[in-house]
Every structure is written in structure tokens, then in C-alpha cells.
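Work through the exercises below with the sequence and the model in view. Each task is followed by a solution in steps.

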Amino acid sequence: SVRAFEDNAAAEQLAVEQRITNRTRYYHIKWHWFWNKVKRSDNPDGIVEILRVDTHNQIADFLTKQPPREVFEKLRKMAIGW
């Protein structure tokens, strides 16, 4: 099984609930395959598990965002150990 850590509620909802809106309708075909792989109550055999993680513990955030210095240093240490 694969674990995907998500700190964005909208992305988590899109991955787990298969909810198509006007803003997401273009993802339908691309993401249909992915939705079938997500483990949830109606699909216990899914291989992808979406796990909620607090944004301050999302290790990759320091690579894509500009967090405050303290958060940056904490995430950097978690990722590479220094």
C-alpha cells in the first residue's frame, strides 16, 4: 500500500470523495483511475491511503513554499537531518 500525506483539505476531499464540481470537471477522466486506487470505506482494496497531516509537519512544504524561518529550519531538519 502507498501512503499519501495531504495537508490541503480540498485536495484530500477531491481524492477521497470523488466530488466533481465546475472547477474540477476537467480532472474527471485523468483522476478516475486514481480514485479507483484510493482506499476508503466503499473501496477497502484500494492501494493508496490518503492521510491527513498538519501543514507544519508536511516535510516537503519547505521546498515549495516560503515558511517562516523557524518552520523552515524544523522541516529542513526533518527532511535532511541538519
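**Exercise 1. A salt bridge within one helix**

Task: Classify Glu 73 as buried, partly exposed or exposed, and find the side chain that it meets in a salt bridge.

Solution. Step 1: Glu 73 has a relative accessibility of 30% and counts as partly exposed; buried means under 20% relative accessible area, exposed over 50%, and partly exposed in between, with a 1.4 Å probe and protein chains only. Step 2: The side chain of Glu 73 meets that of Arg 69 in a salt bridge, 3.0 Å from N to O. The term stands for a side-chain nitrogen of Lys or Arg within 4 Å of a carboxyl oxygen of Asp or Glu. Step 3: Arg 69, at 61% relative accessibility, counts as exposed. Step 4: Both residues lie in helix H4, 4 residues apart, about one turn of the helix. An α-helix has 3.6 residues a turn, so residues three or four places apart point the same way.

A note on the basis: the model is predicted, local features need pLDDT of at least 70, side-chain atom pairs count only at pLDDT 80 or more, and totals for chains, interfaces and linings use all residues. Residues are numbered from 1 along each chain as its sequence is written, and side-chain values use heavy atoms, with hydrogens and water left out.

**Exercise 2. The overall layout**

Task: State how many helices and strands the protein has, and give the pattern along the sequence.

Solution. Step 1: There are 4 helices and 2 strands. Helices (H or I, at least four residues) and strands (E, at least two) are DSSP runs, numbered from the N terminus. Step 2: Along the sequence the pattern reads β-α-α-β-α-α. Step 3: Of the 82 residues, 23% count as buried. Step 4: Among contacts with a separation of 6 or more, 43% are between residues 24 or more positions apart; contact means heavy atoms within 4.5 Å.

**Exercise 3. The length of H4**

Task: Check the span of H4 against its 12 residues.

Solution. Step 1: The expected span of a helix is 1.5 Å times one less than its number of residues. Step 2: For the 12 residues of H4 this should give 16 Å, and the end C-alpha atoms are 16 Å apart, which agrees. Step 3: After H4 comes Gly 81, with a positive phi near 85°.

**Exercise 4. Further salt bridges**

Task: How many salt bridges does a search of the whole structure find? Describe those of Arg 52 and Lys 65.

Solution. Step 1: The search finds 4 salt bridges. Step 2: One of them joins Arg 52 and Glu 12, whose closest N and O atoms are 3.4 Å apart. Arg 52 is in strand E2 and Glu 12 in helix H1, so this pair ties together parts 40 residues apart in sequence. Arg 52 is partly exposed, at 48% relative accessibility. Step 3: Lys 65 and Asp 61 also meet through their side chains, at 3.4 Å from N to O. Lys 65 is partly exposed at 46%, whereas Asp 61 is buried at 9%. Step 4: Asp 61 lies in helix H3. Leaving aside neighbours within four places in sequence, Asp 61 is in contact with Asp 7, Thr 55 and Leu 75.

**Exercise 5. The aromatic pair**

Task: Decide whether the rings of Phe 62 and Phe 72 are stacked, tilted or edge-to-face.

Solution. Step 1: Rings of Phe, Tyr and Trp (its six-membered ring) pair if their centres lie within 6.5 Å; planes under 30 degrees apart count as stacked, over 60 as edge-to-face and the rest as tilted. Step 2: This rule gives 1 aromatic pair. The ring centres of Phe 62 and Phe 72 are 5.4 Å apart and the planes stand at 75°, so the pair is edge-to-face. Step 3: The pair links distant parts of the chain, with Phe 62 in helix H3 (residues 61–64) and Phe 72 in helix H4 (residues 69–80), 10 residues apart. Step 4: Phe 62 is buried at 15% relative accessible area, while Phe 72 is partly exposed at 29%.

**Exercise 6. A buried alanine**

Task: Which residues does Ala 15 touch, not counting residues up to four places away in sequence?

Solution. Step 1: Ala 15 lies in helix H1 (residues 9–17) and is buried, with a relative accessible area of 10%. Step 2: Ala 15 touches Phe 34, Trp 35, Val 38 and Ile 50, with residues up to four places away in sequence not counted.
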